[in-house]
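Reader: I would like a close look at one part of this model. Please take one helix and walk me through its surroundings, then step outward.

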Amino acid sequence: MKNTNSPQKTIIITGGNAGLGYECAKNIAKAYKDSLIVLACRNVEKAKIAMDSVKKESVNNNITVLELDLASLESVRSFIRTFLNSNFPPLYSIVCNAGLQIVNGIKYTKDGFEATFGVNHLGHFVLVNMLLEKIVNSGRIIFVSSDTHDPLQKTGMPEPIYDKAEFLAYPGKSVVTLSGTQRYTTSKLCNIYCAYELDERIRSQTTRSIAVNAFNPGMMPGTGLARDYGLIARFAWKYILPVMTLLKRNVNTVSKSGRALASLVTNAEFENVTGKYFDGTRQISSSKLSYDIKNRKDLWGTSIKLVQLKQDETILPLD
Ligand SMILES: NC(=O)c1ccc[n+]([C@@H]2O[C@H](COP(=O)([O-])OP(=O)(O)OC[C@H]3O[C@@H](n4cnc5c(N)ncnc54)[C@H](OP(=O)(O)O)[C@@H]3O)[C@@H](O)[C@H]2O)c1
């Protein structure tokens, strides 16, 4: 029998139509029938198919779709307008999950930012800032990062290079050229800077009590993240690397990581934990570089300028 209870709170999951986001949505929908889950996705048709599937698998009808393209600031602002006009239950959580990796050349967002940085960081930065006021006390924000941000984890990915956020947004201004995979690991470092800085600002500049954490799902072979890789690499990603989930620590099935991410949103044990980095459901230290306060402040300040955030769009002081 389908659940027909009216939901008491709203949870937004960016990129909830596929991979980790889909599994997270499904697990929340199964366990917490009192929540409305908003799949915030760039392709509405694909997202509606995912929504039907989540409804069926979770036996929960409280799922909806709203269009959100993180590669367009206009789309993010339009998503927020629609969300605010929708009369949904109080906003409890935002899961900043959507992400991409570009290895074939440099691509740009509609606003001219390098797309890995633009989508993985800047789009979420605007989304979270603009919705902060609406998040209830004891609400939760989670930024999906990656252990690839930490060279000590030996993930096989190149270590991030953070000089200035301006260079990440506009690589042409820098004398250092990052590879696509470096842009990706650096964007995942930015997710952690953003989580730590947002946590600190909420605690020091507002009276609100909102938990902000970063999450590492571990490598999850088979998801759409490798779509820009060549044919052989994509074949290995889909059919060979999944075997590693049996052999290697921190290589996970997407369903296992989806359960872990969902539990950070819903489990009571995480209620008062904020400003931390989770490897699955285990709280651990992030990389040494991720605690660099100067970089963190540079990222925050530059992001405000890049997205032209206005004071009436966020409850946090802009300076
Ligand atoms: N897979 C891994 O090994 C791994 C490891 C560590 C961390 N992660 C992180 O986990 C998160 C989810 O990745 P995944 O592995 O589940 O990959 P995925 O299957 O490719 O899912 C990525 C999601 O992001 C969405 N997305 C991409 N660009 C977007 C945009 N411009 N606007 C809105 N949504 C956009 C995709 O939408 P479409 O379906 O429309 O493309 C999709 O829903 C990412 O943040 C990734 O960095 C993944």
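Author: What follows starts at helix α4, moves to its neighbours, and ends at the ligand. Keep in mind that this is a predicted model.

Start with position. Helix α4 covers residues 115–131. This helix packs on the sheet. There it touches three strands: β1 (9–14), β4 and β5. The direction of α4 makes about 170° with that of β4. Angles over 145 degrees count as roughly antiparallel.

Now the sheet itself. It is open and has eight strands. Their order is β3-β2-β1-β4-β5-β6-β7-β8, and the pairing is mixed. In that order, β1, β4 and β5 follow one another. The edges are β3 (63–67) and β8 (282–284). Each edge strand pairs on one side only. On average, neighbouring strands are turned by 25° against each other, with direction ignored.

Two of the strands under α4 deserve a closer look. Strand β4 spans residues 91–96, and strand β5 spans residues 135–144. They run parallel and are joined by five bridges. One of the bridge pairs is Leu-91 with Ile-135, the latter in β5. As general background, strands of a sheet pair through backbone hydrogen bonds, either parallel or antiparallel.

Next come the helix partners of α4. Two packed helices are described by the angle between their axes and the distance between the axes.

Take α3 first, which runs over residues 73–85. Its axis and that of α4 come within 10 Å and cross at roughly 25°. Angles under 35 degrees count as roughly parallel, so α3 and α4 are roughly parallel to each other. The crossing of α3 past α4 is right-handed. From α3, the contact uses Leu-73, Val-76 and Ile-80. From α4, it uses Gly-123, Val-126, Leu-127, Met-130 and Leu-131. Seven of these residues are nonpolar and one is polar, with no charged residues.

Then α10, residues 293–307. Here the axes lie 10 Å apart, at an angle of about 80°. Angles of 65 to 115 degrees count as roughly perpendicular, so α4 is roughly perpendicular to α10. On the α4 side, the residues are Leu-122, Phe-125 and Val-126. They meet Ser-303, Leu-306 and Val-307 of α10. By class, this contact has five nonpolar residues, one polar residue and no charged ones. Val-126 of α4 appears in the contact with α3 and in the contact with α10.

For another helix pair, turn to α1 and α2. Helix α2 covers residues 44–58. The axes of α1 and α2 come within 9 Å and cross at roughly 40°. The two helices are therefore oblique to each other. This crossing is right-handed. Tyr-22, Ala-25, Lys-26, Ala-29 and Lys-30 of α1 take part. From α2 come Ala-50, Val-54, Glu-57 and Ser-58. The class count is five nonpolar, one polar and three charged residues.

Helix α1 (residues 19–31) also leads to the ligand. It gives the largest share of the shell there, three residues. Around the ligand are 28 residues. Nearest come Gly-15, Gly-19, Gly-99, Thr-223 and Gly-224. By class, the shell has 14 nonpolar, eleven polar and three charged residues.

Notes: Residues numbered from 1 in each chain as written. Predicted model: local features only at pLDDT ≥ 70, side-chain atom pairs only at ≥ 80, totals over all residues. Near = placed C-beta within 6 Å. Helix = DSSP H or I, 4+ residues; strand = E, 2+ residues; numbered from the N terminus. Nonpolar A, V, L, I, M, F, W, Y, C, P; charged D, E, K, R; others polar. Pairing = 2+ DSSP bridges. Axes fitted to C-alpha atoms, helices over the stretch in contact; angles between N-to-C directions. Contact = placed C-beta atoms within 7 Å. Left-handed = near helix turned anticlockwise from the far one by under 90°.
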